[in-house]
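Please open the structure in your viewer and keep the selection panel at hand, as the stops below are meant to be followed in turn.

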Amino acid sequence: ILSLIVVCFAISFVALYSLYRQKKLSEVTNEFVNNMTHEFKTPISTISLACEALSDPTLHNDANIREAYISIIRDENDRLKNMVNNILQIAQLKKGQVKMNIEMLDMHDLVHKVVDSVALQISSAKGSLNLALNADEHELFGDKSHLQNVIINLVENGIKYSQGAPEILINTQSNGKYFLLSVTDKGIGIPKKALPSIFENFYRVPKGNVHDVKGYGLGLGYVKKIISLHKGKIEVQSEEGKGSTFIIYLPLKK
Ligand code: ADP
């Protein structure tokens with residue numbers, strides 16, 4: 001009888017747990033769909049407004065205005081393209097089909113490329129991005145474009161979750177075995193109890209109903225996956241209201 005009770009108890013526990021997982025998954029997917037539709041809506045409606053304006057016959061003679069609208073359409077279309085690419089990339093990552101193109105690379109070169117690509121975002125937010133490239137050894141085997149995406153993701157999070165003008169610092173070090181790169185911001189920080197979840201796909205630190213900062217909760221999942229495919233690791237230190245530091249460790253060439 002006792003074993004029967006134990007078995008029944010175990011079965012109901014498993015059933016309850018799987019119900020809980022399903023509920024959590026559906027909540028998470030709902031939120032993802034909401035965020036995504038919201039993010040798609042803006043560029044789509046901007047494009048259709050610009051098209052409407054362009055079809056106004058009184059505008060046909062003004063080349064400047066026409067060019068301005070066309071460049072809006074081009075930018076918004078690029079944004080849509082990036083969003084679709086991101087989602088496809090994540091879907092591929094989930095299926096474990098990530099294509100890696102491993103070659104010898106210089107991490108400091110990658111950092112400089114990242115600096116160029118976020119320069120506009122930093123300056124339009126009136127922020128600053130400082131470098132302390134202290135690693136003596138900065139060459140390793142890895143995938144250039146994925147590692148560049150990783151650094152971009154971390155820096156863009158630093159910008160997105162800043163309070164006021166973003167102040168970002170990228171620091172590198174090497175210790176013979178590993179190349180370390182950290183991205184530090186003085187932003188909103190992450191509550192202690194959320195820290196274990198931030199690398200899960202679709203997870204975003206709850207902000208009530210307002211998500212003034214856009215995102216799908218996929219960036220850090222991607223970062224973690226890519227770092228582990230390089231046999232590295234990632235750590236985070238954060239204090240709410242003070243800021244965060246994300247540190248990646250990548251094995252050096254040997
Ligand atoms: P998202 O697209 O939401 O930015 P991420 O996977 O990149 O997705 O990050 C997951 C969550 O972790 C974010 O929604 C945010 O709540 C939190 N987070 C990530 N980076 C930072 C940071 N630098 N400062 C504060 N919170 C952060």
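Begin with the cysteines, bearing in mind that this is a predicted model. A disulfide is a covalent bond between the sulfur atoms of two cysteines. With a pair of sulfur atoms counted as a disulfide within 2.5 Å, the count here comes to zero. Select cysteine 8, which counts as partly exposed because its relative accessibility is 46%, and then cysteine 51, which is also classed as partly exposed because its value is 40%.

Next, select the strands of the open sheet, of which there are five, in the order E2-E4-E5-E7-E6 and with mixed pairing. At its edges you will find strand E2 (128–133) and strand E6 (233–239), each of which pairs on one side only. If you look along the sheet, the twist from one strand to the next averages 15°.

Within that sheet, pick out strand E4 (residues 167–174) together with strand E5 (residues 178–185), which pair in the antiparallel sense over seven bridges. To see one such link, select glutamine 173, whose bridge partner in E5 is leucine 180.

Now add helix H4 (residues 144–160), which lies across E4, E5 and strand E7 (243–251) and runs at about 145° to E4.

Which residues have the most contacts inside the largest nonpolar core? They are Met107, Leu147, Ile151, Val155 and Leu181, in a core of 38 residues. Helix H3 (107–124), H4, E4, E5, H5 and E7 each supply at least two residues of this core, and the largest share, seven residues, comes from H4. Apart from this core lies another, of six residues, including Met83, Phe202, Tyr216 and Leu218. In soluble globular proteins, nonpolar side chains tend to be buried together.

Stay with leucine 147 and display its surroundings: leaving aside neighbours within four places in sequence, leucine 147 is in contact with Leu105, Met107, Leu110, Leu140, Gly142, Ile226, Ile227, His230 and Leu250.

Two of those names lead on to the last stop, helix H5 (residues 219–229), where Ile226 and Ile227 are among the buried residues. The others to select as buried in H5 are Leu220, Gly221, Tyr222 and Val223. Finally, move just past the helix, since H5 is followed by lysine 231, and check the backbone there: the phi of lysine 231 is positive, near 60°.

Key: Residues numbered from 1 in each chain as written. Predicted model: local features only at pLDDT ≥ 70, side-chain atom pairs only at ≥ 80, totals over all residues. Heavy atoms only, no water. Buried < 20%, exposed > 50% of the residue type's maximum accessible area, 1.4 Å probe, protein only. Helix = DSSP H or I, 4+ residues; strand = E, 2+ residues; numbered from the N terminus. Pairing = 2+ DSSP bridges. Axes fitted to C-alpha atoms, helices over the stretch in contact; angles between N-to-C directions. Contact = heavy atoms within 4.5 Å. Core = buried A, V, L, I, M, F, W, Y, C linked by side-chain atoms within 4.5 Å.
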